[in-house]
Amino acid sequence: VPGAVSRLAGPPRGWWAGDRFRSGSAAAGHTGVLSLEQEHRRRRTLLGRLAAVFYIGSGLLGLVTLPLPAPGLNRVATATVCVVALAAGVVIWVAPWGAWPRRASLWVVPPAFALIALANGYGGSDPHTYSVFFVVVFVWIGLAQPPGTSLVMAPLAAAAYLLPLLSLDGNTGPGLASAATTIPVCVLVGEGIAWGMVRLERIERALHRERYRAEQLRELDQMKDAFLSAASHELRTPITVCRGHLDVMDADAGAAEVRAVTKLVVDELDLMGRLVDDLATLARVDDRAMLSMESLPLDGFLSSVVSTARPLLGSRLLVDSEQTGMTLRADPQRLAQALLNLLQNAARHTRGDGPVRLRVHAEPLSWRFEVADDGGGLPPGEEQLVFEPFRIGSSPTGRTGLGLSIVRGIARAHGGESGVINRPGRGATFWIRIPL
Amino acid sequence: VKLLVVEDEPRIAAFLAKGLRSRGYDVAWASTGREALELGVGPGLSLVILDLRLPDLDGLEVLAGLRARGTTVPVLILSARGRVHDRVRGLDLGADDYLAKPFAFEELLARVRARVRPGTAAPAALLRAGGICLNEVFPATFT
């Protein structure tokens, strides 16, 4: 496939891929790799559970160590604080952190400080033990919250560290010294971890993007294989037919048989020629750069299309265009080819000598070309599929199975679109919309 | 000798039927997989020539369907899918022979002959009469 490599280097696309990567739903419906949003939700839940473990663990630790001898320990108050911590831990465990935004979990921090301060205020005489709790809180902040949060939380932590010292008897010197080293260390740890997390998330996002692209490329590659296999099948069939008919022609075949086989071979060669032409067209059809856009007088353009289509359709072609003196911007050759493909398609499907209507009308932002036949229409559900390459096999009676794919490609190259209004059993109206 | 040609493309079926009939075979034609499943279990059938690309069923499904219906009629796959892995798959699924399109008609005939022989030990191409044996394919060879 010419240009396949350069196409793959850009955003995944390819004329063999049809609609797969054009709609946003492709990304939304993507499975196989866990989406980043799902993963972040999981992480928020996990961090909420970690906070809960901290609350429950601290509460349990306090209750377990309550009977140990400690001078100046207010056992009733400490037990109350521990029970409150346990209860808060249970609430935090069951809270739906995954459904809430990331910032929401910041609310678990101030109560933690308050409980540490209370326990410290009612507790023993050694404030050094409490520095461990602060470090744990800041590690959690670093993991769960964006950079800067630790810095913002530092005054709160300092207050929680220092206020209980006022209620303690005796020398507050060791407590102050401990706070002066612990709080800056906490901020450093928290900010350091947050900084690392930001970088990790960036790498993670990039990795996800790459994985998604790789997945897309793999699918694209499969579709390309399927397309190539269909194309080679279509090209092989005429060869098989020619070779078969020539093989089975007897050496003493009559003139009539020779004539019949010759005609058949010529028809098949014509079909191959058309197939190759259409494949070549399709390969570059949705490339905008290949268009030569011009300002076209609509009337002149339509009459040239009609004069080309007349030999094919004769008086069955009815043209309906009330616009006069208007112009449109398009590549005249390509747009004419799209309309001719639609007219040929309609001619094949309309009943007997039924009419084929070509209609042009102006929409607010575009021109709409419609080709209507009153044939059998499409089977319901086939409306989008008919635009896929080789949806219908080629035949020596004229079609290659690529005509509508080319129409779609041309419409898209113009920034427009194509479609069909299907009336099963009563006909179909194919349309192209070209922006003004 | 009765053959069934399963081929959705009438242009190919036409010359297959013509060529095989001119060699004296009795040819039936099925253009869809369902038709093939109906005709493929009929009595007196000596060989099925099966295309893999059919409008309703995949040719390999037809093959599996025939085998599931208990018929042991030889099946020759005639397909545009000619890669090694396609051939191996077809043969593994119970086909007796595989020929890729486009093909030489002579080769198809030779393969058909090989399959419709009553037994590989005594090829149909050998005519026996008493102690004399005539090889139809190589008429100069007497054994």
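Helix α7 (residues 149-167) of chain A runs alongside α8(A), their axes coming within 9 Å and crossing at roughly 160°. That angle is over 145°, so α7(A) counts as roughly antiparallel to α8(A). This is a predicted model, and α8(A) is a good guide through it: the helix turns up again below, beside α9(A) and beside α1 of chain B.

**How α7(A) meets α8(A)**

- The crossing of these two helices, α7(A) and α8(A), is right-handed.
- On the α7(A) side, the contact is made by T149(A), S150(A), L151(A), A154(A), A157(A), A158(A), Y161(A), L162(A) and L165(A).
- Facing them from α8(A) are G175(A), L176(A), S178(A), A179(A), T182(A), I183(A), V187(A), G190(A) and E191(A).
- Sorted by class, the residues of this contact are 11 nonpolar, six polar and one charged.

**How α8(A) meets α9(A)**

- Helix α9 (residues 255-285) of chain A also has its axis within 9 Å of the α8(A) axis, with a crossing angle of roughly 165°.
- The pair α8(A) and α9(A) is therefore roughly antiparallel, and its crossing is left-handed.
- From α8(A), the residues in this contact are F227(A), A231(A), E234(A), L235(A), P238(A), I239(A), V241(A), C242(A), H245(A) and L246(A).
- Their partners in α9(A) are V261(A), L264(A), V265(A), E268(A), L271(A), M272(A), L275(A), V276(A), L279(A) and L282(A).
- The contact of α8(A) with α9(A) contains 17 nonpolar residues, one polar residue and two charged ones.

**Across to chain B: α8(A) and α1(B)**

- Helix α8 (residues 173-248) of chain A and helix α1 (residues 10-22) of chain B have axes that come within 9 Å and cross at roughly 20°.
- An angle under 35° counts as roughly parallel, so that is how α8(A) and α1(B) lie to each other.
- Their crossing is left-handed.
- Chain A brings T237(A), P238(A), T240(A), V241(A), G244(A), H245(A) and V248(A) to this contact, while chain B brings R11(B), I12(B), A14(B), F15(B), K18(B) and G19(B).
- Here the classes come to six nonpolar, five polar and two charged residues.
- P238(A), V241(A) and H245(A) are worth finding on screen: they are among the residues that touch α1(B), and they are also among those that touch α9(A).

**The interface as a whole**

- The two chains meet through 14 residues of chain B and 20 residues of chain A.
- Together they bury about 1,600 Å², with 62% of that area on carbon and sulfur atoms.
- On the chain B side, R11(B), F15(B) and R53(B) lose the most area to chain A, and together they account for 41% of what that side buries.
- R11(B) and F15(B) also belong to the helix contact with α8(A).

**Salt bridges**

- Side chains of opposite charge can pair when their charged atoms come close.
- Over all chains, the structure has 29 salt bridges, and three salt bridges link chain B with chain A.
- E257(A) and K18(B) form a salt bridge through their side chains, at 2.6 Å from N to O.
- K18(B) is also one of the α1(B) residues in contact with α8(A).
- Within chain A, the side chains of E37(A) and R41(A) form a salt bridge at 3.2 Å, N to O.
- E37(A) and R41(A) sit four residues apart in helix α3 (residues 36-65) of chain A, so about one helical turn separates them.

**A cis peptide bond in chain B**

- Most peptide bonds are trans.
- The bond joining K101(B) and P102(B) is cis, with omega about -10°.
- P102(B) lies in the loop between β5 (97-100) and α5 (105-116) of chain B.

Note on methods:
Residues are numbered from 1 along each chain as its sequence is written. Chains are lettered from A and ligands numbered from 1 in the order in which they are written. This is a predicted model: local features need pLDDT of at least 70, side-chain atom pairs count only at pLDDT 80 or more; totals for chains, interfaces and linings use all residues. Side-chain values use heavy atoms; hydrogens and water are left out. Axes are lines fitted to C-alpha atoms, for helices over the stretch in contact, and angles run from 0 to 180 degrees between N-to-C directions. Angles under 35 degrees count as roughly parallel, over 145 as roughly antiparallel, 65 to 115 as roughly perpendicular and the rest as oblique. A crossing is left-handed if the near helix is turned anticlockwise from the far one by less than a right angle, and right-handed if clockwise. Contact means heavy atoms within 4.5 Å. Ala, Val, Leu, Ile, Met, Phe, Trp, Tyr, Cys and Pro count as nonpolar, Asp, Glu, Lys and Arg as charged, and the others, Gly among them, as polar. Buried area is the accessible area (1.4 Å probe) that two parts lose on being put together, summed over both. A salt bridge is a side-chain nitrogen of Lys or Arg within 4 Å of a carboxyl oxygen of Asp or Glu.
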